[in-house]
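Trainee: Please give me a close look at the interior of this model, and then place that interior in its wider setting.

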Amino acid sequence: PYTIAEPCVDVLDKACIEECPVDCIYEGGRMLYIHPDECVDCGACEPVCPVEAIFYEDDVPDQWNAYVSANVDFFVDLGSPGGAAKLGKVDYDPPFIKALPPMGE
Ligand code: F3S
Ligand code: F3S
């Protein structure tokens, strides 16, 4: 699947949401997360993110490897909702993301 990394934190531009044909990009507290099982690897979201936060999981830069797990962990309690629009914003982030200092411009 594709995955969202640190540049999204506190930016949450959401341009990616419009591009996803299966609505698998979910809003957390400080960033958005791609559902690893619902993503169909179409790649449509990756080029539209203005801060280049989206990567195919194998291409995530090393310093952001923890975000691959974060995009999995975000859904441990949620399961597979089958669509972000109906779920809405979830006020949760994995602990290491919640603990980050304020990010973005
Ligand atoms: Fe985040 Fe970029 Fe989407 S900033 S919300 S991954 S367009
Ligand atoms: Fe969605 Fe395709 Fe990205 S399925 S999360 S737009 S790779």
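Mentor: In the protein chain, 75% of the contacts with a separation of 6 or more join residues that are 24 or more positions apart, a contact being a pair of residues whose C-beta atoms, placed from the backbone, lie within 7 Å. This is a predicted model, in which local features need pLDDT of at least 70 and side-chain atom pairs count only at pLDDT 80 or more, while totals for chains, interfaces and linings use all residues. Residues are numbered from 1 along each chain as its sequence is written, chains are lettered from A, and ligands are numbered from 1 in the order in which they are written. The predictor's confidence in each residue, pLDDT, runs from 0 to 100; its mean over the protein chain is 97, and 99% of the residues reach 70 or more. The model also scores ipTM 0.98 and pTM 0.97.

For the framework around the interior, the protein chain has 4 helices and 4 strands, and along the sequence these follow the pattern β-α-β-β-β-α-α-α. Helices (H or I, at least four residues) and strands (E, at least two) are DSSP runs numbered from the N terminus. The radius of gyration, taken over C-alpha atoms, is 12 Å, in agreement with the value near 13 Å for a compact globule of 105 residues, where the globule rule is 2.2 Å times the number of residues to the power 0.38.

Turning to the interior itself, buried residues make up 29% of the 105 residues. A residue is buried if 20 or more other C-beta atoms, placed from the backbone, lie within 10 Å of its own, exposed if 12 or fewer do, and partly exposed in between. The largest nonpolar core has 25 residues, and those with the most contacts inside it are Ile4, Ile25 and Leu32. At least two residues of this core come from each of β1 (2-4), β2 (25-27), β3 (32-34) and α2 (66-73), with β3 giving the largest share, 3 residues. A nonpolar core is a set of buried Ala, Val, Leu, Ile, Met, Phe, Trp, Tyr and Cys residues joined through C-beta atoms within 7 Å. Leaving aside residues up to four places away in sequence, Ile4 touches Met31, Leu32, Tyr33, Ile34, Ala53, Ile54, Tyr67 and Asn71.

Ala53 leads on to ligand 1, since it is listed with Cys8, Asp13, Cys16 and Cys49 as the closest of the 13 residues that surround this ligand. Around ligand 2 there are 15 residues, the closest being Tyr2, Cys20, Cys42, Ala44 and Cys45. Being near a molecule requires a C-beta atom, placed from the backbone, within 6 Å of it. The shell of ligand 1 divides into 11 nonpolar, no polar and 2 charged residues, and that of ligand 2 into 12 nonpolar, 1 polar and 2 charged; here Ala, Val, Leu, Ile, Met, Phe, Trp, Tyr, Cys and Pro count as nonpolar, Asp, Glu, Lys and Arg as charged, and the others, Gly among them, as polar.

Away from the interior, Asp10 lies in the loop between β1 and α1 (15-19), has a positive phi of about 65°, and counts as partly exposed because 15 C-beta neighbours lie inside 10 Å. Gly104, in the segment after α4 (95-98), touches Val9, Asp10 and Val11, not counting residues up to four places away in sequence.

Methods: Contact = placed C-beta atoms within 7 Å.
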